[in-house]
Amino acid sequence: MTLAMKGASRQSLAAARALLEKKISSLESAGISKVSTDLLSMVAVFDSNIALSRALTDPSRKTEDKSELVKRVFENGVSETTFAFVKELIALRWSYASDLVRAIERLGVETEAAAAEKDGALDRLESELFAFTQTIQDSSELRAVLADRTVQSTAKKSALIRTLLNGKATESTIRLIGAIVDQPRGRNVEAGMRDLTEAVAARKNRTIVHVKSAIALSKEQIDRITKSLSAQIGATVRLNVEIDPNILGGLSVRFGDELIDGSIATRIIGAERTLSGQSA
């Protein structure tokens, strides 16, 4: 789930986050969790049908045809909010079919984190994921059971997770760990837990925007940047401004796992690399 998307997929993921944020902002935590559950269940469908994700990311295929395909596969199995979001999601451009599925999984986890945030339990979710990661590391027996992918292991691992954590952890924690162990997508359980922790941390830090500037910013500039980023992210943001003369000019902006580097220093480095390549 660790995302290192480039080009169209990176831009589409950022746009999808903003779209989803707007759709869930007015929902109660139960409704937000339903969207998360929908998205994570869709990942299993895509993983069992590679042709589906390829069809939905095919640039030569009309958006109307993609919407009809999504309707046939998902309309009766997900909430109206999820269905409306997915129709917008497949209208975005994705460099690879796998990027779409990875994005859906990541957004599913972040949405469950948003539900926990709505209940004031985001810090607890983060700490419980960390605690369970420690439990796995300390128990070779549990790690072996969760790693078992033999034909004989037909029961969903999420049932075991619920038994172990029921009454000891939040529903958000139980749902997220259950989703990862049922649908590991080629990861071992430790890697899956790292991805969960990273996604939840990204959600926690998403509204805190770190800005580097070569000079102090005026209140008007800070207000303008805040308003612009809030519109892009789909949530109210708070700026932490750091003065760093080394960037020479421009701004470097980081929020969650997104980096917008418009500093002059970075542009100079990029120009030097380009010139070096041309002279080679």
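Is Glu68 buried, exposed or partly exposed, and at what relative accessibility? The legends below take this up, along with a few other spots in what is a predicted model.

**View 1. Glu68 and its acidic company on the surface.** Glu68 comes out as partly exposed, because its relative accessibility is 39%, which sits between the 20% cut-off for buried and the 50% cut-off for exposed. Along the chain, Glu68 belongs to helix H4, which covers residues 63–74. On the surface, a negatively charged patch brings together Glu64, Asp65, Glu68 and Glu75.

**View 2. Phe46 and Phe74, an aromatic pair.** The count of aromatic pairs here is one. Phe46 and Phe74 make up a tilted pair, with ring centres 5.6 Å apart and planes at 50° to each other. Distant parts of the chain get linked this way: Phe46 comes from helix H2 (residues 29–47) and Phe74 from helix H4, with their positions 28 residues apart. As for cover, Phe46 is buried because its relative accessibility is just 2%, under the 20% cut-off. Phe74 is buried too, since its relative accessible area is 5%.

**View 3. Lys34 and Ala115 across the sequence.** Back on helix H2, we pick out Lys34. This lysine has a relative accessible area of 37%, so Lys34 goes down as partly exposed. Now look at Ala115: 81 residues separate it from Lys34 along the chain, while the C-alpha atoms of the two are 9.3 Å apart.

How values were computed
Residues numbered from 1 in each chain as written. Predicted model: local features only at pLDDT ≥ 70, side-chain atom pairs only at ≥ 80, totals over all residues. Heavy atoms only, no water. Patch = residues over 30% accessible without salt bridge, like charges linked within 9 Å, V, L, I, M, F, W, Y side chains within 5 Å. Areas by Shrake-Rupley, 256 points an atom, 1.4 Å probe, with all protein chains shown as cover. Salt bridge = Lys/Arg side-chain N within 4 Å of Asp/Glu carboxyl O. Lys, Arg positive; Asp, Glu negative; His and termini not counted. Charge placed at Lys NZ, Arg CZ, Asp CG, Glu CD. Helix = DSSP H or I, 4+ residues; strand = E, 2+ residues; numbered from the N terminus. Buried < 20%, exposed > 50% of the residue type's maximum accessible area, 1.4 Å probe, protein only. Phe/Tyr/Trp six-rings, centres within 6.5 Å; stacked < 30°, edge-to-face > 60°.
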